[in-house]
Amino acid sequence: MECQDSLVSFLSWALMFGGLAYLLQQVRQIPAQYGRYSPAEGPTFPAKLAWFLQEVPAFLVPLVLLLQSPETGARASVSLFAFLLHYFHRSFIFASLTQGRPVPVEIVLFAALFCCLNGFLQGHHLLHCTSDEDTWPPRAHKAVGFLLFLVGMTINIHSDHILRNLRKPGELVYRIPRGGIFELVSGANFLGEIVEWCGYTVVAWSFPAFAFTFFTVCSLGPRAYHHHRCVPVDITKILVHPSDHDNRKPSALSCRDYVQRFEDYPHSRAAIIPFLL
């Protein structure tokens, strides 16, 4: 398959402008309505199925592209391996372990569409728009980027493990996470994923990779800030009086300051960037 330069450029710029628009949207209101911000009404998918359906296209699409053009795989071996590794974990391991709330159908559909397009963009560019003669980035550069990717993935997986063990299956109680990078930031899982994709960008050293990382920062950064500063009102009630609210669905219509609400919340903990933000 020949490199579709115009399509690659279009999708990359779409990620850039889409990320900026998403950033502005989240600054003005509560983030995308999944997880603690899920609405109480409307059709939903169970959390395990939702995460699988929305993440797996980003694994399958570049994998199919690779199987169709195995001779080009060596060009992008490290970059493509990192991308596939992340989405294999998210699709098959994270999705099977998650204990989150049901996810609205429209969120799953939009996320799946995004993963399809981004999976094609990253896979197609890595497999068909790079050359065997490319000498940049050098091997040492790729090694540093891949190490950064692995560090971020480790932070992300460990932080997810901490979050899963905060409550028993079926509980709606929210508790303050402790341990690992959570001692520094409230959004340790988000920070880990951002570090992952920064490492991926260093390895791939391409505009599509940078555009995806930019979109990720615009998506997860504000969400981490909202997690740090804002707890839905009903969740706050559940935390204060859990026995009286075991069967209630938390509302995301309004929220209260996380730091002010919980006396034992670490005031030195940042939202997403240790010691800064």
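Helix H2 (residues 47-68) and helix H3 (residues 77-97) have axes that come within 8 Å and cross at roughly 155 degrees, and H2 and H3 are therefore roughly antiparallel to each other. Helices here are DSSP runs of H or I with at least four residues, numbered from the N terminus; their axes are lines fitted to C-alpha atoms over the stretch in contact, and angles run from 0 to 180 degrees between N-to-C directions. Angles under 35 degrees count as roughly parallel, and those over 145 as roughly antiparallel. The model is a predicted one, in which local features need pLDDT of at least 70 and side-chain atom pairs count only at pLDDT 80 or more, while totals for chains, interfaces and linings use all residues. Residues are numbered from 1 along each chain as its sequence is written, and side-chain values use heavy atoms, with hydrogens and water left out.

The crossing of H2 and H3 is left-handed, a term used if the near helix is turned anticlockwise from the far one by less than a right angle, with right-handed used if it is turned clockwise. Among the residues in contact (heavy atoms within 4.5 Å) are Trp51, Phe52 and Phe59 of H2 and Phe83, Tyr87 and Phe88 of H3. By class, this contact of H2 with H3 has 17 nonpolar, two polar and three charged residues, where Ala, Val, Leu, Ile, Met, Phe, Trp, Tyr, Cys and Pro count as nonpolar, Asp, Glu, Lys and Arg as charged, and the others, Gly among them, as polar.

H2 also packs with helix H4 (residues 105-128), at an angle of about 20 degrees and with the axes 8 Å apart, and H2 and H4 are therefore roughly parallel to each other. In this case H2 passes H4 in a right-handed crossing. Residues that meet include Ala50, Leu53 and Ala58 in H2 and Cys115, Cys116 and Gly119 in H4, and the contact of H2 with H4 has 16 nonpolar, four polar and one charged residues.

H3 packs in turn with helix H5 (residues 139-164), at an angle of about 5 degrees and with the axes 11 Å apart, so H3 and H5 are roughly parallel to each other. The contact is made by residues including His86, His89 and Arg90 of H3 and Asn156, Asp160 and Arg164 of H5; by class, ten are nonpolar, three polar and three charged.

Elsewhere in the chain, an unreviewed UniProt entry lists residues 6-24 as "transmembrane region". The span of residues 6-24 is 100% helix and 0% strand, and its end C-alpha atoms lie 27 Å apart.

Methods:
Helix = DSSP H or I, 4+ residues; strand = E, 2+ residues; numbered from the N terminus. Parallel < 35°, antiparallel > 145°, perpendicular 65-115°, else oblique. UniProt positions renumbered as here; feature names shortened; annotations may be inferred.
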